[in-house]
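Let's take a walk through this protein together, one part at a time. Keep the sequence and the 3D view open as you read.

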Amino acid sequence: GVEGFNVTVPHKEAVLELIEADGAARMIGAVNTVRRGHAGWQGTNTDWRGVMDVLQGLEVDLKGAEVLMFGAGGTARAMLHAMAESGVRRLRICNRSRERLDRLVAHARHHYAGLSVEAVAWEQKAVLQASREAALLINTTTIGLGESAGTFPFELEGHGVALDAVYRPDGNTPFVLAARRAGCRAVDGLPMLVAQGAASFHFWHGEVPERGRALRWLEDALGRQDHAVPGWQTA
């Protein structure tokens, strides 16, 4: 009786081969939302739409900008698509596994010819230099996911915006804390979770929930302060 479901790490790339996916999901190479169609399972990727919605709410203009992203999995592929759609000039990607990183860089250069993509070594000096020049820092790794928060492995610099795909009840993920120490305006993954959820709901039901009200409800339920997402404010 199941008519739809979400897909999370580490299955977003594998499920792509099992369903009929739309063009954006095929380009991204990952699926996070699936529904039952007349001819079988259909899939899309709403993660990238969630990123776009949050950036729009934060009034971040990335046209011609440089971005530094950590991670090279399915979520990173969605972020990559969003960066290309946002007009980013250069995207630098840093990942612990060099093989996985090289695979994502090759994928990006094949599908997004207008976007300059470079690999960054998983070491402090390279990360520090790349973060200084970035208008946006993104974390798509699982660092901070689960009960043990740990610490982000790098010190960062910069005064732009930082987005974490990971969220915690208090909002203080290791990446968010590192980005704030660097002087960035940092947001954890809760708004992106709400935004991609709203897009998934639309994919399933054809209706668009009010993101701002959903975010406020979740913040109240978690007992945390309101996010500073200006375009999402509700009365």
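How many salt bridges does the count come to? The count comes to 19 salt bridges. Please bear in mind that this is a predicted model. A few of these charged pairs make good landmarks, so to speak, but the sheets give us the frame to place them in.

Begin with the sheet of six strands. This sheet is open, its strands follow the order E7-E6-E5-E8-E9-E10, and the pairing is parallel. Strand E7 (116-120) and strand E10 (185-187) stand at the edges with a single partner strand each, so one side of each has no neighbour in the sheet. From one strand to the next, the twist averages 15°.

Look at the E7 end. Strand E6 (residues 90-94) runs parallel to E7, and five bridges join them. Here Arg92 stands opposite Glu118 in E7. Helix H4 (residues 98-111) packs on the sheet, where it touches strand E5 (66-70), E6 and E7. The direction of H4 makes about 175° with that of E7.

Now move to the E10 end. Strand E8 (residues 136-139) pairs with E9 in the parallel sense over four bridges, and Asn139 has Asp164 in E9 as its bridge partner. E9 is in turn joined to E10 by three bridges, again running parallel, with Val187 in E10 as the bridge partner of Leu163. To get from E9 to E10, the chain passes through helix H6 (residues 174-181), and this β-α-β crossover is right-handed.

Which way do the side chains of E9 point? Val161 and Leu163 point one way from strand E9 (residues 161-164), while Ala162 and Asp164 point the other way. In a regular strand, side chains alternate between the two faces of the sheet. All four of these E9 residues are buried, Asp164 included.

The other sheet to find is an open one of four strands, in the order E1-E3-E4-E2, with mixed pairing. Its edges are strand E1 (4-6) and strand E2 (20-21); each has a single partner strand, so one side of each is left without a neighbour in the sheet. E1 pairs with strand E3 (residues 33-37) in the antiparallel sense over three bridges, and Phe5 stands opposite Val34 in E3. Helix H7 (residues 190-205) lies across E1, E3 and strand E4 (40-44), and runs at about 5° to E3.

Next, the nonpolar interior. Which residues have the most contacts inside the largest nonpolar core? They are Leu62, Met83, Leu136 and Leu163, in a core of 42 residues. Helix H3 (residues 74-85) supplies the largest share of this core, with six residues. Met83 is a good one to click on: leaving aside neighbours within four places in sequence, Met83 is in contact with Val51, Leu55, Leu62, Val67, Val88, Leu91, Leu136 and Ile138. Apart from this core lies another, of 20 residues, including Ala134, Phe152, Leu156 and Ala162.

With that picture in place, return to the charged pairs. The side chains of Arg77 and Glu13 form a salt bridge, at 3.4 Å from N to O. Arg77 lies in helix H3 and Glu13 in the loop between E1 and E2, so this pair ties together parts that are 64 residues apart in sequence. Arg77 is buried, at 10% relative accessible area, whereas Glu13 counts as partly exposed at 25%.

A second pair brings us back to the sheet of six strands. Arg90 and Glu118 meet through their side chains in a salt bridge (3.2 Å, N to O). Since Arg90 is in strand E6 and Glu118 in strand E7, the pair ties together parts 28 residues apart in sequence. Arg90 is buried, with a relative accessible area of 15%, and Glu118 counts as partly exposed at 27%. Both belong to a network of salt bridges that links Glu66, Arg89, Arg90, Arg92, Glu118 and Glu133.

Finally, look along helix H4. Are its salt-bridge partners Glu99 and Arg103 separated by about one helical turn because of their spacing, and what is that spacing? They are four residues apart in helix H4, which puts about one helical turn between them. Their side chains meet in a salt bridge at 3.8 Å, N to O. Glu99 is exposed, with a relative accessible area of 59%, and Arg103 counts as partly exposed at 43%.

How values were computed. Residues are numbered from 1 along each chain as its sequence is written. This is a predicted model: local features need pLDDT of at least 70, side-chain atom pairs count only at pLDDT 80 or more; totals for chains, interfaces and linings use all residues. Side-chain values use heavy atoms; hydrogens and water are left out. Two strands pair if DSSP finds at least two bridges between them. Helices (H or I, at least four residues) and strands (E, at least two) are DSSP runs, numbered from the N terminus. Axes are lines fitted to C-alpha atoms, for helices over the stretch in contact, and angles run from 0 to 180 degrees between N-to-C directions. Contact means heavy atoms within 4.5 Å. A nonpolar core is a set of buried Ala, Val, Leu, Ile, Met, Phe, Trp, Tyr and Cys residues joined through side-chain atoms within 4.5 Å. Buried means under 20% relative accessible area, exposed over 50%, partly exposed in between (1.4 Å probe, protein chains only). A salt bridge is a side-chain nitrogen of Lys or Arg within 4 Å of a carboxyl oxygen of Asp or Glu. A crossover is right-handed if, with the strands pointing away from the viewer, the path from the first strand over the helix to the second runs clockwise.
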